[in-house]
Amino acid sequence: MAELGCADHLAAGPLTADVLAERCGADPLSLHRTLREVASMGFLRTVPEGYELTESGHLLREDVPGSVRSAVRMVGEEAFWYAMGRLPQTVRTGKSAFKEKFGHVYEYVGRNPEIAVLFDHYMTIRAEPFASGLADNYDLSGARKVIDLGGGRGHILGALLTANPHLQGVLFDLERVLGNGRDALTEAGLADRCEFVVGDFFAGIPSGPDVFLLANVIHNWSDEDSVRILRNVRAAMPDDGRVLILEIVLSDDDSPHVGKDGDIRMLSLSGGGMERTPAEYQTLLEKSGLTTARILPLPGWASVIEAVPV
């Protein structure tokens, strides 16, 4: 349903399976059988005019707040589907079958422009609850300048600058994505308070900011690589600085958590990347000359780990 854009075609009102198939470029009988299943899952309902979207179904549209269409499409993307299909192999060997076939996920995305567009859109949508949660619940009144490391389109940095008019920002990322961030922050009227720096956090991080933001970064990397990143942060930050690690933080018990599903996906895609518990983050920080000051749960399923120099 997400890949064919069915929800976008149904946004204006109900359609029959035949009409929807024509608009989606699909086989009518095959689409009818698919819609019947999707309706049983609660994304559509049957009406006299055909099928119409439910409240959940609207979230599969491309152009609505909270859209999950790009996320669903990423799950079904050929290489990502391969990763989960080869999960037994990954668990047996401890090495990501995806990584052995396609290389690191960012290398794969970089080689495939169409996938890159989808991936960047997915990351922007994924960042929205992180951005609003951090901006609304974390006090930056005493900060001067925040650098968003691997900040992509600058969605989170933009939310922080909007909520804190005194704050200056630095968007730091690879050249491939930095242009998108510059465009987005310019459109938001925030570019005059922001620097745009091309770089690689494994190679080095510019000094000057007093707040270093790592949002959805550390979970992509192994413990060894994460310590490399955090040591570079510590080398760049002043003694009164702080680093904000914005991630899913797993509980130590067996309670259900979306992060545990995410952790298995990280295992399949990267091998070394993982979601972590508070104790596991503290271990990384200690090896990097940092320590946990506090962990602040945010609305939804993310938390911010505030770390300071030892």
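UniProt positions here follow the numbering used for this chain, and such annotations may be inferred rather than shown by experiment. With that in mind, the UniProt record, an unreviewed entry, lists residues 2-60 as "domain: O-methyltransferase dimerisation". Bear in mind, too, that the model you're looking at is predicted.

**The N-terminal stretch**

Take residues 2-60 to begin with. Helix makes up 49% of this span and strand 14%. Its two end C-alpha atoms sit 6 Å from each other.

Inside this region you'll find a little hairpin: strand 1 connects to strand 2 through two residues. Strand 1 covers residues 44-47 and strand 2 covers residues 50-53, and they pair in the antiparallel sense over four bridges. If you want a spot to zoom in on, V47 faces G50 of strand 2.

A bit further along comes G57, which is part of helix 4 (residues 55-58). G57 has 0% relative accessibility, and because buried means under 20%, it counts as buried. Beyond its neighbours within four places in sequence, G57 touches A7 and F43. Compare that with Y138: it comes 81 residues away along the chain from G57, and 33 Å separate the two C-alpha atoms.

**Two domains**

The domain assignment splits things up in its own way, with domain 1 at 6-64 and domain 2 built from two pieces, 127-251 + 270-309. Measuring tape aside, the C-alpha centres of domain 1 and domain 2 are 39 Å apart in the model.

**The active-site residue**

Where does UniProt place the feature "active site"? The record, again an unreviewed entry, puts it at H219. H219 belongs to the loop that runs between strand 6 (211-215) and helix 13 (223-236). Is H219 buried or exposed? It is buried, with a relative accessible area of 5%.

And which residues does H219 contact, leaving aside its neighbours within four places in sequence? They are R126, E247, M266, G273, M274, E275 and R276.

N216 lies in that loop between strand 6 and helix 13 as well. It has a positive phi of about 55 degrees, although it is not a glycine. N216 is buried too, at 6% relative accessibility.

**Aromatics**

The structure contains eleven aromatic pairs. One of them brings together Y106 and F119 in an edge-to-face arrangement, with 5.9 Å from centre to centre and 80 degrees between the planes. The two partners are 13 residues apart: Y106 is in helix 9 (residues 105-111), while F119 is in helix 10 (residues 113-137). Y106 is partly exposed, at a relative accessible area of 29%, whereas F119 is buried, at 8%.

Both rings are also members of one aromatic cluster, formed by Y106, F119, Y122, F201, F202 and W221. Another ring worth a look is that of Y82: the charged end of K101 sits over it, 5.5 Å from the ring centre.

**Accessibility side by side**

Here are the residues discussed above, with their relative accessible areas.

| Residue | Relative accessible area | Class |
|---|---|---|
| G57 | 0% | buried |
| Y106 | 29% | partly exposed |
| F119 | 8% | buried |
| N216 | 6% | buried |
| H219 | 5% | buried |

Definitions and conventions:
Residues are numbered from 1 along each chain as its sequence is written. This is a predicted model: local features need pLDDT of at least 70, side-chain atom pairs count only at pLDDT 80 or more; totals for chains, interfaces and linings use all residues. Side-chain values use heavy atoms; hydrogens and water are left out. Buried means under 20% relative accessible area, exposed over 50%, partly exposed in between (1.4 Å probe, protein chains only). Contact means heavy atoms within 4.5 Å. Rings of Phe, Tyr and Trp (its six-membered ring) pair if their centres lie within 6.5 Å; planes under 30 degrees apart count as stacked, over 60 as edge-to-face and the rest as tilted. A charge sits over a ring if NZ of Lys or CZ of Arg is within 6 Å of the ring centre and within 35 degrees of the ring normal. Two strands pair if DSSP finds at least two bridges between them. Domain bounds come from an automatic or database domain assignment.
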